[in-house]
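These are my notebook entries on a single structure, kept in the order in which I looked things up. I began with the open spaces and then turned to individual residues.

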Amino acid sequence: MDMLIIFLAALFGFLLIGVPVAFCLGLAALVMMGIQNFGYDILVQKMVGGIDSFPLLAVPFFMLAGEIMNSGGIAKRIINLSNSLVGHITGGLGLVNIVASMFFGGISGSSVADTAAIGGLLIPAMKEDGYDADFSAAVTASSATMGIVIPPSIPMILFGLIGGTSVVRMFLGGIIPGILIGFSLLALTYIISKKRNYPKGDKFSITRVFKALKESIWAVFLPVIIIGGIISGYFTPTEAAVVSVVYALIVSLFIYKEMCIKDLPRILIDTGKTTGIVMLVAGTAMVVAWLLTVVRIPQSIAATILSISDNPLIVLLIINFFLLLVGSVMDLTPALLILTPVLLPVATAVGIDPVFFGVMMVINLGIGLVTPPVGTILYISCGIAKISLERITKAMLPFLATQVAILLLIILFPQLVLWIPNALR
């Protein structure tokens, strides 16, 4: 446990002086290696070996697909379809925001891409229609967390890689929790909208729904292809990511015609920048994960937790409380990559299914994306809505409470995660 304390002290020490997360991880790894008298060449070997992975290729391809969809008019058509379905209800645009995020989450696999695409279009529209700016930003941020729960999911790919768990089964396990989160947020948004007398949109029209569906059918069909192809065994999650890129390109360039060939260099550069950051974090996190395993930190933590209780429910509650604290001070990707090899052995030691644990961990750390002070999605939503972090934090409280309640429901009833993966085994 002494090595864990040294690692955490080094990590947060570097974070406090403003060092980027990826370099904090690398420097903390160097400190541990120095104490253990390991050769520093291991750092490079483990970084390269950690990201030299076929499943990890899915990450940049799903990111690229999200960028193409954002530029090619796919996000706009998803919003139009969502508007035709729920826009006529009180708080219509807030509900549209959530439904659109459910659709978009089934395509991009990224909460950040969801926030930028949906929020960039809907937050200004909601403000113009009389919605409070903090409420508009809070709805966008909270609904974007579904992007990593509803399959495909980039964090689930990362967990599967480092935890040796089936990514396909994790994708299937995220379906019911993602829908539960979506419908609970819809109910909360409706209640708040009713109290504040937010406006309705145009009256419901089945003709309008069919028209919007006709215009967006190519966008809606993409998640069907991705999930259907993976479940049926036609392609792996990595191959599904490539298919999504090709499909999004064809739809954006030749069907919707809202993207030109000249837009591709900008899209590729933006994707490259984001991918570079993620891969650097992944590489350094892999080194840290290896070091923690070598010095037997997982076994020490397992022994500590099991000394308190070997009841699976108690163990899960302890782990989730810890993850909620970590998620508020560390971004999802490094937290997932560092803690998976530490906590997964603890979970399996008391008989917790690795697929369930992975989905639960992604949901929990996803809440951290909308929890200050480090919540990535909060800052994106604040920037779009042009409000302070304090304002959005206050508006987020009921949404956070709802998400934590769904997390507790999943902990109490693991079959909400495991039913579909076991049924389709």
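Before assigning pocket linings to helices, I fixed the term: a helix here is a DSSP run of H or I with at least four residues, and helices are numbered from the N terminus. I also noted at the outset that the model is predicted.

**Entry 1. Second largest pocket.**
I looked up which helices line the second largest pocket. Helix 1 (2-16), helix 15 (297-308), helix 16 (312-329) and helix 17 each supply at least two residues. Helix 16 contributes the most, with 7 residues. I recorded a volume of about 340 Å³ for this pocket. Its lining comprises 21 residues, and those closest to the centre are Leu4, Leu8, Phe322, Val326 and Leu339. By class, I found 21 nonpolar, no polar and no charged residues in this lining.

**Entry 2. Largest pocket.**
I then turned to the largest pocket, whose volume is about 710 Å³. It is lined by 27 residues, and Met63, Ser110, Val112, Thr274 and Val278 lie nearest its centre. At least two lining residues come from each of helix 4 (58-71), helix 7 (111-128), helix 9 (154-163), helix 14 (264-294) and helix 17 (332-349). I noted helix 7 as the main contributor, since it gives the most to the lining, with 5 residues. The lining divides into 17 nonpolar, 8 polar and 2 charged residues. Helix 17 therefore appears in my entries for the largest pocket and for the second largest pocket, under the helix definition given above.

**Entry 3. Enclosed cavities.**
Next I asked how many cavities of 30 Å³ or more there are. The count comes to 2.

The largest cavity holds about 50 Å³ of space. I listed its lining as Thr145, Ile148, Val149, Ile181, Val362, Ile363, Gly366, Ile367 and Gln403. Helix 18 (residues 354-368) supplies the largest share of this lining, 4 residues. The classes are 6 nonpolar, 3 polar and no charged.

The second largest cavity has a volume of about 40 Å³. Pro151, Val168, Phe171, Leu172, Ile175, Ile227, Ile230 and Ile231 line it. Two or more of these residues come from helix 10 (167-173) and likewise from helix 12 (206-232). I found 8 nonpolar, no polar and no charged residues in this lining.

**Entry 4. Backbone at the prolines and asparagines.**
Pro151, already listed in the lining of the second largest cavity, led me to check the bond that follows. The peptide bond from Pro151 to Pro152 is cis, with omega near 0 degrees. Pro152 sits in the loop between helix 8 (133-144) and helix 9.

I kept in mind that most residues other than glycine have a negative phi, and most peptide bonds are trans. Two asparagines have a positive phi: Asn37, near 60 degrees, and Asn197, near 60 degrees. Asn37 is in the loop between helix 2 (21-36) and helix 3 (41-51), whereas Asn197 is in the loop between helix 11 (175-196) and helix 12. Are these residues buried or exposed? Asn37 is exposed because its relative accessible area is 69%, and the cut-off for exposed is over 50%. Asn197, at 66%, also counts as exposed.

**Entry 5. Two buried residues.**
I looked up Thr90 in the loop between helix 5 (74-86) and helix 6 (92-108). At 7% relative accessibility, Thr90 counts as buried, because the cut-off for buried is under 20%. Apart from neighbours within four places in sequence, Thr90 contacts Leu95, Tyr190, Ser193, Lys194, Tyr198, Pro199 and Lys200.

Ser101 lies in helix 6 and is buried, with a relative accessible area of 0%. With residues up to four places away in sequence set aside, Ser101 touches Asp114, Ile118, Ser143, Ala144 and Met146.

**Entry 6. A helix pair.**
Last, I examined how helix 19 (residues 376-385) packs against helix 20 (residues 389-412). The angle is about 115 degrees, and the axes are 10 Å apart. The crossing is right-handed. Helix 19 makes the contact through Leu378, Tyr379, Ser381 and Cys382, and helix 20 through Leu389, Ile392 and Met396. I recorded these contact residues as 6 nonpolar, 1 polar and no charged.

Notes:
Residues numbered from 1 in each chain as written. Predicted model: local features only at pLDDT ≥ 70, side-chain atom pairs only at ≥ 80, totals over all residues. Heavy atoms only, no water. Axes fitted to C-alpha atoms, helices over the stretch in contact; angles between N-to-C directions. Left-handed = near helix turned anticlockwise from the far one by under 90°. Contact = heavy atoms within 4.5 Å. Nonpolar A, V, L, I, M, F, W, Y, C, P; charged D, E, K, R; others polar. 1 Å grid on protein atoms, 1.4 Å probe; cavity = no way out; pocket = protein on both sides within 12 Å on 5 of 7 lines; lining within 4 Å. Points joined across faces, edges and corners; volume = space filled by probe spheres on them. Buried < 20%, exposed > 50% of the residue type's maximum accessible area, 1.4 Å probe, protein only.
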